[in-house]
Amino acid sequence: MTVEASVIVPLVTLITVILIFFFLFLLDMSVAKSETQRLADEVAASWKTNGALDTGEYEAKSLLDRDRAFLLRSKRAELEKKAERRMEKRLKERLCVSCVRKSSVRISSGRVISETSLEFLIPLRGVDSNIGGKGWKFSCCSLAAVSREEELLRKVSAKLCKETERKGEEHESN
């Protein structure tokens, strides 16, 4: 009874606690993956429509008037910084046992790249030296395309609107 109480029970308890923390880390991995994909999709949608990152709303006139130069250089850095702050805030709210080591959002060549890196330091003294590392790490990357079809549709719509306006002005002047 004494051997069981002094060796086996603490060992079983330690293994149980490690398993619980491992499953919580798996939950954090799932949260990180879903948030990076969600944010990449949101940024791609707001970039495509020139809308607000929070609401996704946009003015139809500004959507039709912008040109390809907007996609290449206008407000990219501002949107990336907003998205990074938004992702860090979301992850801090939803993570159970991990901490965010790195998160980034980039817009390049017609796609949005969202990356997150998590680290979990096991809160039990001496366990990290026995498992051979500092803790568990996880990183994920998600891509969302800024589709060419929507840009083509926007350009065609802009041409049709301008032609309609021009014909209306010509008709009024006659």
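How much of the accessible surface of the protein chain belongs to carbon and sulfur atoms? The share is 57%, out of an accessible surface of about 11500 Å². Keep in mind as we go along that this is a predicted model.

Let's begin with the whole chain. The protein chain has 174 residues, and 30% of them count as buried. Its secondary structure consists of six helices and three strands. If you walk along the sequence, you meet these elements in the pattern α-α-α-α-β-β-α-β-α. The contacts tell you something about how the chain folds back on itself. Take the contacts between residues at least 6 apart in sequence: 66% of them join residues at least 24 apart.

Now turn to the strands. The three of them make an open sheet in the order 1-2-3, and their pairing is antiparallel. Strand 1 (99-108) and strand 3 are the edges of this sheet; each has a single partner strand, so one side of each has no neighbour in the sheet. On average, neighbouring strands here are turned by 10° against each other, if direction is ignored. What holds such strands side by side? In general, the strands of a sheet pair through backbone hydrogen bonds, and the pairing can be parallel or antiparallel.

Let's follow the pairing from one strand to the next. Strand 1 and strand 2 run antiparallel and are joined by nine bridges. These two strands form a hairpin with two residues between them, and Ser109 in the turn has a positive phi of about 45°. You can trace several of the partners yourself. Ile107 has Val112 in strand 2 as its bridge partner. Arg106 is matched with Ile113 in strand 2, and Val105 with Ser114 in strand 2. On to the next pair: strand 2 and strand 3 also run antiparallel, with 10 bridges joining them. Here you can find Glu119, which stands opposite Lys137 in strand 3.

Strand 2 deserves a further look. Is it mostly covered or mostly open? Strand 2 is mostly covered, as seven of its 10 residues are buried. A good residue to study here is Ser114, which is found in strand 2 (residues 111-120). Ser114 has a relative accessible area of 0%, so it counts as buried. Which residues surround it? Leaving aside neighbours within four places in sequence, Ser114 is in contact with Thr36, Leu39, Ala40, Met87, Ser104, Val105, Cys140, Cys141 and Ser142. One of these, Thr36, also has its backbone oxygen 3.3 Å from a polar atom of the Ser114 side chain.

Next, look at helix 1, where Glu35 lies. Is Glu35 buried or exposed? Its relative accessibility is 1%, so Glu35 counts as buried. Apart from neighbours within four places in sequence, Glu35 is in contact with Arg90, Leu91 and Arg94.

A second glutamate offers a useful contrast. Glu88 is found in helix 4 (residues 76-94). With 32% relative accessibility, Glu88 counts as partly exposed, because that value falls between the 20% limit for buried and the 50% limit for exposed. The side chain of Glu88 makes a polar contact of 3.1 Å with the side chain of Ser103. You can also compare Glu88 with Arg101: they are 13 residues apart in sequence, and their C-alpha atoms are 10.0 Å apart in space.

Finally, let's look for aromatic rings. How many aromatic pairs does a search of the whole structure find? The search finds six. One of these pairs is formed by Phe22 and Trp136, in an edge-to-face arrangement with 5.5 Å from centre to centre and 80° between the planes. This pair links distant parts of the chain: Phe22 is in helix 1 (residues 2-49) and Trp136 is in strand 3 (residues 136-145), 114 residues apart. Phe22 has a relative accessible area of 32%, so it counts as partly exposed. Ring pairs also link Phe22 and Trp136 with Phe21, Phe23, Phe25 and Phe120 into a cluster.

Notes. Residues numbered from 1 in each chain as written. Predicted model: local features only at pLDDT ≥ 70, side-chain atom pairs only at ≥ 80, totals over all residues. Heavy atoms only, no water. Helix = DSSP H or I, 4+ residues; strand = E, 2+ residues; numbered from the N terminus. Buried < 20%, exposed > 50% of the residue type's maximum accessible area, 1.4 Å probe, protein only. Contact = heavy atoms within 4.5 Å. Areas by Shrake-Rupley, 256 points an atom, 1.4 Å probe, with all protein chains shown as cover. Polar contact = N/O pair within 3.5 Å; in protein donor to acceptor, adjacent residues only side chain to side chain. Phe/Tyr/Trp six-rings, centres within 6.5 Å; stacked < 30°, edge-to-face > 60°. Pairing = 2+ DSSP bridges. Axes fitted to C-alpha atoms, helices over the stretch in contact; angles between N-to-C directions.
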